[in-house]
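Student: Could you take me through one part of this model closely, and then follow it outward into the rest of the fold?

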Amino acid sequence: MSQFGMVIDVSKCIGCYACSIACENQNNLAPGEAFIHYETQELGEYPHVHRETVPLQCMHCTDAPCQQVCPTGATYTTADGLVMVETTKCIGCLYCMAACPYQVRVVNPETHEVRKCRFCHIESLQGKEPSSCVAACPTNCRVFGDLEDPESEISQYLKTHRAKRLKGDLTKAHLYYVR
């Protein structure tokens, strides 16, 4: 069984927002509604200081806190490890938003439904990379694939780079970062 995940190599990210813009277009997001957010940090000590841009989105956690608090079952995990929202079941209680340690869910301003990154689920089911954010990145800082396939690009990347989850094993996220 596939378990989809992604690695973002922050050392390659230039903070151009191309991934977010592509995601917004792919998912027809309303103005101000974004599935990818950014955190900017200054690291180092003078005179060796550099700025790091960290793209944040749903981590597709194995033990998703957002799913655990959802009273209607609108938040669920697919067999391939993607955390999804069935908007017809969502009552807009916002418990999932409060429970998410990454604060990456958004409310659609028109429908008031809670939404989030879905790793472009249709493409994922077909074994393809999420076309919008991965393909749009000019520095190729994103790697998507099947974490269970030892020959996949993502598995090979994880073997050869020091990738870590943002909050350790707090949520067993399927999104890894290289810094």
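Tutor: Start with H37, which stands opposite L56 in β3. This is a predicted model. The strand to look at is β2, which covers residues 37-45. β2 and β3 run antiparallel, and nine bridges join them. The two strands form a hairpin, with two residues between them. Another facing pair is E42 and R51, the latter in β3. In a regular strand the side chains alternate between the two faces of the sheet.

Now follow β3 inward. β3 (48-56) supplies at least two residues of the largest nonpolar core. That core has 37 residues. Among those with the most contacts inside it are M6, I8, M59 and Y102. F119, L175 and Y177 belong to that group too. Other contributors of at least two residues each include α1 (18-26) and α5 (131-136). β5 (83-85) and β10 (175-178) also qualify. The largest share, three residues, comes from β1. A second core, separate from this one, has six residues. V143, Y157, Y176 and V178 are among them.

β1 leads to the next sheet. This is an open sheet of four strands, with mixed pairing. The order is β8-β1-β10-β9. β8 (142-146) and β9 (163-164) stand at the edges. Each has a single partner strand, so one side of each is left without a neighbour in the sheet. β1 and β8 pair in the antiparallel sense, over five bridges. I8 has R142 of β8 as its bridge partner. I8 is also one of the residues with the most contacts inside the largest core.

Go back to β5, which also borders a pocket. Rolling a probe the size of a water molecule over the atoms shows where empty space is left. The second largest pocket holds about 150 Å³ of space. β5 gives the most to its lining, with three residues. V83, M84 and V85 are in that lining. N27, F35 and T87 are there as well. The rest of the lining is R115, K116, C117 and R118. By class, the lining has five nonpolar, two polar and three charged residues.

Finally, the cysteines. The count of disulfides comes to zero. C19 is in no disulfide, since the nearest cysteine sulfur, that of C13, is 6.4 Å away, against a cut-off of 2.5 Å. C19 counts as buried, because its relative accessibility is 8% and buried means under 20%. C93 is in no disulfide either; the nearest cysteine sulfur belongs to C70, 6.2 Å away. C93 counts as partly exposed, because its relative accessibility is 32%, which lies between the 20% and 50% limits. C66 is found in helix α2, residues 65-69. C66 is buried, with a relative accessible area of 7%. Y76 is ten residues from C66 along the chain, and their C-alpha atoms are separated by 9.0 Å.

To recap, the hairpin of β2 and β3 was the starting point. From there, β3 supplies residues to the largest core. β1 gives the largest share of that core and pairs with β8. β5 supplies the same core and gives the most to the lining of the second largest pocket.

Conventions. Residues numbered from 1 in each chain as written. Predicted model: local features only at pLDDT ≥ 70, side-chain atom pairs only at ≥ 80, totals over all residues. Heavy atoms only, no water. Core = buried A, V, L, I, M, F, W, Y, C linked by side-chain atoms within 4.5 Å. Buried < 20%, exposed > 50% of the residue type's maximum accessible area, 1.4 Å probe, protein only. 1 Å grid on protein atoms, 1.4 Å probe; cavity = no way out; pocket = protein on both sides within 12 Å on 5 of 7 lines; lining within 4 Å. Points joined across faces, edges and corners; volume = space filled by probe spheres on them. Nonpolar A, V, L, I, M, F, W, Y, C, P; charged D, E, K, R; others polar. Pairing = 2+ DSSP bridges.
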